[in-house]
Amino acid sequence: MTSPHAIEAEYDLVFAGGGTVACVCASRLATAFPDLKILVLECGPTTKDNKQHIQPGQFFTHLAPTSPTVKYFVSKPSVYLAGRSLAIPTGRCIGGSSSINAVVYNHPAASDFDDWENDFNNPGWSSKELIPLLQKVETYEIDPKKPRHGSGGPLKVSYGGQILDLAKQFVELGPKFEKDRPLTDDGNEFGTASINAFHIIPKWVSTNGRRSDVAHHYIYNKDWKNLSVLDGCRVQRVVFEDGIATGVEYLFDKQVYPSAPQDIRTVKARRLVVVSAGAMSTPLVLERSGIGKKDVLEKAGIPVIAEVPGVGENFQDHPNSVAPYLADPNTPTLDSLFRGEPETWGKMTEQWERDGTGLLATNAVDAQIKMRPHPEELAELGPDFAKYWKEVFANKPDKPLFWLCALGGLAGDQSAFPPVKYMCTGCFMGIPASRGYVHISSSDPYADPDFYSGFLSNPVDILALRWGYKKGRELIRRIPAFRGALIPAHPQFPEGSAAALTETGPVPLDAPKVVYSAEDDKAIDEFLRKFVTTAWHPLGTCAMKPFEMGGVVDSKLNVYGVKNLKVADLSIPPSNVNANTYSTGLAIGEKAAVIIAAELGGRL
Ligand SMILES: Cc1cc2nc3c(=O)[nH]c(=O)nc-3n(C[C@H](O)[C@H](O)[C@H](O)COP(=O)(O)OP(=O)(O)OC[C@H]3O[C@@H](n4cnc5c(N)ncnc54)[C@H](O)[C@@H]3O)c2cc1C
């Protein structure tokens, strides 16, 4: 096979990575500057018109370890995870994670963005600047007049093609049980009204049941003359002349184009290289290019271009605890799709083709609350948690402690369990205290990195998730669709414990709350260490903050120590956000376009 793409020798801008942020940023710039020639190199395959990337209900099919559209990053085993490794999936295709994600729509707290500006000296990154950019990306089909949402953006937001009954029960019952936590019709207002309020979750799905990914809504929908977004092109490194980035080296990805030549090629960038390979891969591209911690580079035999010790540090995600329960056999869930049962697949495909509704037009993640402990509840979290609370949350009333949702089905491998209906609570902590790192282990662009997740290494994270488990259990065991716990996948409470689980339910609304002993708490902690998982939200590994604080890029996204090189993706947040991270990625993509446009002498 000859070259799969005709690639010119030079472009104005070259993006390394063609995922969420790159597609948004490149398409905005290509529209604003018709004479600017832009190249986006993506290592994964194309997604154009592929139902697997259009039907939201197919999100879980990408998570199969053999999927060609996902890349798993496997951490070192950790004592904090009962000796386990953690496998973090990221999108590997044009559109990146936006084209495989679970389409949950959530905005961060406004104070999350303000922290970026105030605590890390990043003028221009406050909520005042970023909220309008989030409005620009969306059409909030649920109610376009809602003040904190958008009405003319390329990405559609709706409740998807089916809201599951068990979710309706969850949001209806929630306020009755948690009396000071009401129901709201908008949990994404960026203010305190969205905190401690039950609501149905919007989705990055149009009312006609299509996924709102960036590939189909920013790239494939236009006939570009000045923008080339190419699949199967793996960036090896950025090339420099006298500390100025002048292009990138790439090769054709051997998984996407197995018979393409495997030689390393160079493409020049006249004005700028932007690395947008995502929070797990961007630090690896920088390190392969000679930017990073000296000892990491030396170990891999890479000459140092700029010593930037923050590269690959500050890894964060949202530690996520999923507790599975048994559901009423007659309540709709996604289980039969998860198990690949042909009859349901057939029926649901027909329904989706007919009118864009049904289980293939949803993600079964329909009900949530962004929960923040009331002052009297803080005592339940214990004195060890109090200091962290004071530092991070106490003066920022729009920050929840965690996101708690009800899921209709048990995603993942069900082979060890009976083929029945399930539902789960999912609980992730928005601002965990633990940190990890990701570094290259060699100069080979296919090599697995040296990755430590740091999950649960700080004890405050486990205190928050322990409380979240208890809160979720109290709520879900009261909803009519509840039929007991999937006991092997829960804490193993000691014999005779008052917290023992059963395979029966539901309990009445006024049933007494479960009382947990110190032994029971220990069992929950062991359960968390054994089962806690990624929320699929890695970030922070090339943080935008002052160099002396461990920063990698400045507030204009320039990489320290070199010229004509920027980073734009989820690796730049200097601190975490209280939400699923797609919206933050979109805001970064739009903001990067604004910054670059200004430097090119234009305005977006
Ligand atoms: C399974 C999953 C489910 C998720 N669910 C949700 C959700 O429901 N709601 C939500 O808000 N968020 C969700 N997220 C998170 C959200 O989608 C991501 O945070 C966001 O899309 C990341 O954007 P990015 O641009 O930083 O990276 P990506 O979109 O991941 O883009 C990076 C791209 O760079 C490419 N790349 C990497 N290395 C190279 C290289 N060397 N050369 C060329 N290309 C390279 C990758 O293949 C990838 O396409 C989910 C993520 C995943 C993975």
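Visitor: What distance separates the centres of domain 1 and domain 2, taken over C-alpha atoms?
Guide: In this predicted model, the chain is divided into domain 1, made up of 10–104, 214–316 and 537–599, and domain 2, made up of 161–202, 319–429 and 457–531. Taken over C-alpha atoms, the centres of these two domains are separated by 32 Å.

Visitor: How much area do domain 1 and domain 2 bury between them?
Guide: The size of an interface is often given as the accessible area lost when the parts come together. Here 20 residues of domain 1 are in contact with 23 residues of domain 2. Of the area buried between domain 1 and domain 2, 64% lies on carbon and sulfur atoms, and the total comes to about 1800 Å².

Visitor: Which three residues supply 32% of the area that domain 1 buries against domain 2?
Guide: Domain 1 and domain 2 bury about 1800 Å² between them. On the side of domain 1, no other three residues supply more of the area buried against domain 2 than the trio that accounts for 32% of it, namely Phe60, Tyr80 and Asn578.

Visitor: How many salt bridges are counted between domain 1 and domain 2?
Guide: Polar contact between domain 1 and domain 2 involves seven residue pairs, both residues being at pLDDT 80 or more. For salt bridges, the count between domain 1 and domain 2 is one.

Visitor: How far apart are the closest N and O atoms in the salt bridge of Glu353 with Lys51?
Guide: A salt bridge requires a side-chain nitrogen of Lys or Arg within 4 Å of a carboxyl oxygen of Asp or Glu. Glu353 and Lys51 form such a salt bridge, with their closest N and O atoms separated by 3.2 Å.

Visitor: Which residue does Arg270 meet in a salt bridge at 2.9 Å, N to O?
Guide: The side chain of Arg270 meets that of Glu10 at 2.9 Å, N to O. This pair links distant parts of the chain, 260 residues apart, with Arg270 in strand S11 (residues 265–275) and its partner in strand S1 (residues 10–16). Arg270 counts as partly exposed because its relative accessibility is 43%, and a value of 32% likewise makes for a partly exposed partner, Glu10.

Visitor: Is Arg234, the salt-bridge partner of Asp253, buried or exposed?
Guide: Asp253 forms a salt bridge with Arg234, the closest N and O atoms being 2.8 Å apart. The two are 19 residues apart, with Asp253 in the loop between strand S10 (244–252) and S11, and Arg234 in strand S9 (residues 233–241). Asp253 is buried, and Arg234 is also buried.

Visitor: Why does Val103 count as buried?
Guide: Val103 is among the residues covered by the annotation "binding site" in an unreviewed UniProt entry, and its place is in the loop between S4 and H3. Leaving aside neighbours within four places in sequence, Val103 is in contact with residues including Pro56, Trp204, Arg211 and Asn363. Val103 counts as buried because its relative accessibility is 1%.

Visitor: What relative accessibility does Asn101 have?
Guide: Asn101, also covered by the UniProt "binding site" annotation, lies in the loop between strand S4 (87–91) and helix H3 (110–120). Not counting residues up to four places away in sequence, Asn101 touches Phe59, Arg211 and Tyr582. Buried means under 20% relative accessible area, and Asn101 counts as buried because its relative accessibility is 19%.

Conventions:
Residues are numbered from 1 along each chain as its sequence is written. This is a predicted model: local features need pLDDT of at least 70, side-chain atom pairs count only at pLDDT 80 or more; totals for chains, interfaces and linings use all residues. Side-chain values use heavy atoms; hydrogens and water are left out. UniProt positions are given in the numbering used here, feature names are shortened, and annotations may be inferred rather than shown by experiment. Helices (H or I, at least four residues) and strands (E, at least two) are DSSP runs, numbered from the N terminus. Buried means under 20% relative accessible area, exposed over 50%, partly exposed in between (1.4 Å probe, protein chains only). Contact means heavy atoms within 4.5 Å. Domain bounds come from an automatic or database domain assignment. Buried area is the accessible area (1.4 Å probe) that two parts lose on being put together, summed over both. A polar contact is a pair of N or O atoms within 3.5 Å; within protein, one must be able to donate a hydrogen and the other to accept it, and residues adjacent in sequence count only if both atoms are side-chain atoms.
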